[in-house]
Amino acid sequence: MTINEAAARTGAAPPVPPRPVKAGADDTVEVRMTVNGTPAVLQLPARVTLSDALRDHLGLTGTHVGCEHGVCGMCTVLVNGEAARACLLFAVQLDGADIVTVEGLGRPDDLHPLQEAFGRNHALQCGFCTPGFLMSSYDLLANKPEVTEEELPEELSGVICRCTGYRNILAAVGEAHRAHPEGIPAPGNCGRRALVGRSGQGGNASDGQEDNAGTTASLAKDIVLPSGDPTIAVEITTGIEVSEEKIWRVLDDVHLLARCLPGAELTDDLGDNHYAGRARVSVGPIKLAFHGLAHIVEHDRAAGRLRVLAQGQDSGGAQTQADITLRTEPTQTGTAMHADAKVYLTGRIAQFGRALAGDVSRRMFEQFADAVAEAAASGQAPSGPVKAPSAMSLVLAPLLDRIKQLLRVGKRRG
Ligand code: FES
Ligand code: FES
């Protein structure tokens, strides 16, 4: 048994290279770490544990907290490649450390083999212990591939499950082990992405740029879209009865443009075509408040093209990234505006499902197009805030569209 296996089981901190920290419990200390492949910089009181830093400051709530005494194993994460109790480590001890949480293990559409095996073997009931078991069993199979099936019960005894019973968990880990005797595949969801904490408290690290007050500024260089297919791809064309010239007066003015985005607000101009902002989306009981960044990577009025990369995260761990291209072309009655959006969702927002997320995105674009038309016609921002679509508006939208269509047909005939 390695020191780390023992540590994971007994709750003792693993041999993370210690960082001498001399600070009062409430003194704010800067910590830089890599979390699931993304450099992050945090400004934290010295008393904040790693589990609280991950959950409350980086929105990574997949790491669960049970006993906060190193006993239950719910908070197990990888620190520098080895399992550790996140409730027993202070974040300030971990400057420079590499952390992997359960969010880094697999993607919703491409789960890690251990996650697949847990699902197939019914190895979870309420799921509270599951992140701890997944990270603990990953550590075991990655660092001790020669472990035998007979040793699994003892090796995994450092995490406590209160409801499923251990047989299915052992069956799942055994199955993943047999499928990968040479060693379990590496975590599949680690890469640079948005990590936006509460204002001024967390965010991606800049490339050596000091920026304590507004960590969003350091995010600006870091909009990197995930490789692979987007969660949803939306292509919409809307006819606007306003000239293309007037539409571009709105698209040229980023503040006016932001006022046309449903539920969005521009909070900071970071320079070099980078902007910080907030956006709210609610569908039924799910309410999300995103903080994030947008980067206008292409603004070509002559070609009628505007391309924006955006990323955001809410405090509940939902993450979204998007690559949006707007194209305009003149028509006989005004302008056709085409939107081509590739949207990547992870965390709570992925619960929407592709169909619902597609409907929300489509509805938001329609509202955006209406607001752009209003702003272009009047030369001013839309009269009221453009609200994000609600569950009710999504249900009623097709009905309203149908009524509008019938009214238009009726008018033409009349
Ligand atoms: S061991 Fe950390 S919450 Fe129980
Ligand atoms: S599945 Fe409920 S605590 Fe383990």
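The paragraphs below lead through a predicted model, taking up in turn a strand and its partners, a helix, and a residue in a loop.

A convenient place to begin is strand 1, which covers residues 28–35 and has two faces: Val-29, Val-31, Met-33 and Val-35 make up the covered one, while Thr-28, Glu-30, Arg-32 and Thr-34 make up the uncovered one. Strand 1 pairs with strand 2, residues 38–45, in the antiparallel sense, and 8 bridges join the two. Between these strands the hairpin has 2 residues, and within this hairpin Asn-36 takes a positive phi near 50°. Strand 1 also pairs with strand 5, residues 98–100, here in the parallel sense and over 2 bridges. Thr-34 can be followed into both pairings, since it stands opposite Pro-39 in strand 2 and opposite Asp-98 in strand 5.

Further along the chain comes helix 4, whose 14 residues run from 130 to 143 and reach 20 Å from the first C-alpha to the last, close to the 20 Å expected at 1.5 Å a residue. Helix 4 is mostly covered, with 12 of its 14 residues buried; among them are Pro-131, Phe-133, Leu-134, Met-135, Tyr-138 and Leu-141.

The last stop is Ala-186, which lies in the loop between helix 6 (166–179) and strand 6 (202–204). Ala-186 counts as exposed because it has 12 C-beta neighbours inside 10 Å, and a residue is called exposed when that number is 12 or fewer. Although Ala-186 and Gly-106 are 80 residues apart along the chain, their C-alpha atoms are separated by 9.4 Å.

Technical notes:
Residues are numbered from 1 along each chain as its sequence is written. Chains are lettered from A and ligands numbered from 1 in the order in which they are written. This is a predicted model: local features need pLDDT of at least 70, side-chain atom pairs count only at pLDDT 80 or more; totals for chains, interfaces and linings use all residues. Helices (H or I, at least four residues) and strands (E, at least two) are DSSP runs, numbered from the N terminus. The expected span of a helix is 1.5 Å times one less than its number of residues. A residue is buried if 20 or more other C-beta atoms lie within 10 Å of its own, exposed if 12 or fewer, and partly exposed in between; C-beta atoms are placed from the backbone. Two strands pair if DSSP finds at least two bridges between them.
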